[in-house]
Amino acid sequence: MSDKDTKEDLRSVPADQRSQGPNETMIISSSELASKVTAAAAGQARKIEGTPKLVGRSDAVAGRAYELTKPKTMVGRQNSNDVVIEDGTVSARHAQIVNDEGVWRVVNLISTNGTSVNGRTNIVSYLAPGDVISFGRVEMVFEVGDSERTVSGGGTRRSFVGRPSSDSPILWAGIGAAVIIALVVGARMLGLI
């Protein structure tokens, strides 16, 4: 079987039957990528008042809370990240959490084990209070609120006034379009489409 035959066979596997995980590459078509980006962009975006936190739910982060005060918060295993998660299923630079004038989203940075929100994997997902974000196998809860309360792991949290981001939705739409175009051109150069 030639390389071209192998590529054709892999592309014919339905998306829900493709495997991904440690040291595996996920095969995704440019049209499938475009539909995921469009679905994420058309998702449940809503403005959130206050400063949210990521509250650890899994053993690797249990009892930890990370206040999201920056317009962009980097999450990953590398020490230079804003939220450092020391777990083998988390990539060095795994994801970014973005505040766009009170509208929060998590952006997967092409990590090995993916980022999901409430069990759904997308490149970009809008966040709402109570959402469970999985970075690889590590779960954290996106929490917001004015009152103090106890969370899983025994920690307490309070909210504070956040500051808006200067990011523009138009800028993000342009970046998304540029990524899709780059992927399509790259796939054509490799003979995948």
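pLDDT is the predictor's confidence in each residue, on a scale from 0 to 100. The model shown here is a predicted one, and its mean pLDDT is 76, with 63% of the residues reaching 70 or more. One stretch calls for some care: over residues 146–167 the pLDDT stays under 50. The model still has 49 contacts beyond four places in sequence for that stretch.

As for the overall make-up, the protein has 3 helices and 13 strands. It runs to 193 residues, and 37% of them count as buried. Among the contacts with a separation of 6 or more, 45% come from residues 24 or more positions apart. The accessible surface adds up to about 11000 Å², and carbon and sulfur atoms hold 53% of that.

Strand 5 is a good place to start looking around. Spanning residues 95–100, strand 5 has 6 of its 6 residues buried, so it is largely enclosed by the rest of the structure. Ala 95, Ile 97 and Asn 99 point one way from the strand, while Gln 96, Val 98 and Asp 100 point the other way. Residues on both sides are buried.

What does strand 5 pair with? One partner is strand 3, which runs antiparallel to strand 5 over 4 bridges. Here Lys 72 sits opposite Val 98 of strand 5. Another partner is strand 6 (residues 103–108), again in the antiparallel sense, this time over 6 bridges. In this pairing, Asn 99 has Trp 104 in strand 6 as its bridge partner. Strands 5 and 6 make a hairpin with 2 residues between them, and Glu 101, which lies in the turn, has a positive phi of about 55°.

Turning to charged side chains, the count of salt bridges comes to 3. One of them involves strand 5 directly, through Asp 100: this residue forms a salt bridge with Arg 105, with the closest N and O atoms 3.9 Å apart. Salt bridges here are counted with a cut-off of 4 Å between the side-chain nitrogen and the carboxyl oxygen, so the pair at 3.9 Å makes the list. Are the two residues buried or exposed? Arg 105 has a relative accessible area of 5% and is buried. Asp 100, at 9%, also counts as buried.

Another salt bridge joins Glu 139 and Arg 57, whose closest N and O atoms are 3.2 Å apart. Glu 139 belongs to strand 11 (residues 138–143), whereas Arg 57 is in the loop between strand 1 (53–56) and strand 2 (65–67), so the pair ties together parts that are 82 residues apart in sequence. Glu 139 is partly exposed, at 26% relative accessibility, and Arg 57 is partly exposed too, at 42%.

The side chains of Lys 70 and Asp 82 also meet in a salt bridge, at 2.6 Å from N to O. Lys 70 is found in the loop between strand 2 and strand 3 (72–76), and Asp 82 in the loop between strand 3 and strand 4 (83–84), so this salt bridge ties together parts that are 12 residues apart in sequence. Lys 70 counts as partly exposed at 37% relative accessibility, as does Asp 82 with a relative accessible area of 32%.

Note on methods: Residues numbered from 1 in each chain as written. Predicted model: local features only at pLDDT ≥ 70, side-chain atom pairs only at ≥ 80, totals over all residues. Heavy atoms only, no water. Buried < 20%, exposed > 50% of the residue type's maximum accessible area, 1.4 Å probe, protein only. Contact = heavy atoms within 4.5 Å. Areas by Shrake-Rupley, 256 points an atom, 1.4 Å probe, with all protein chains shown as cover. Pairing = 2+ DSSP bridges.
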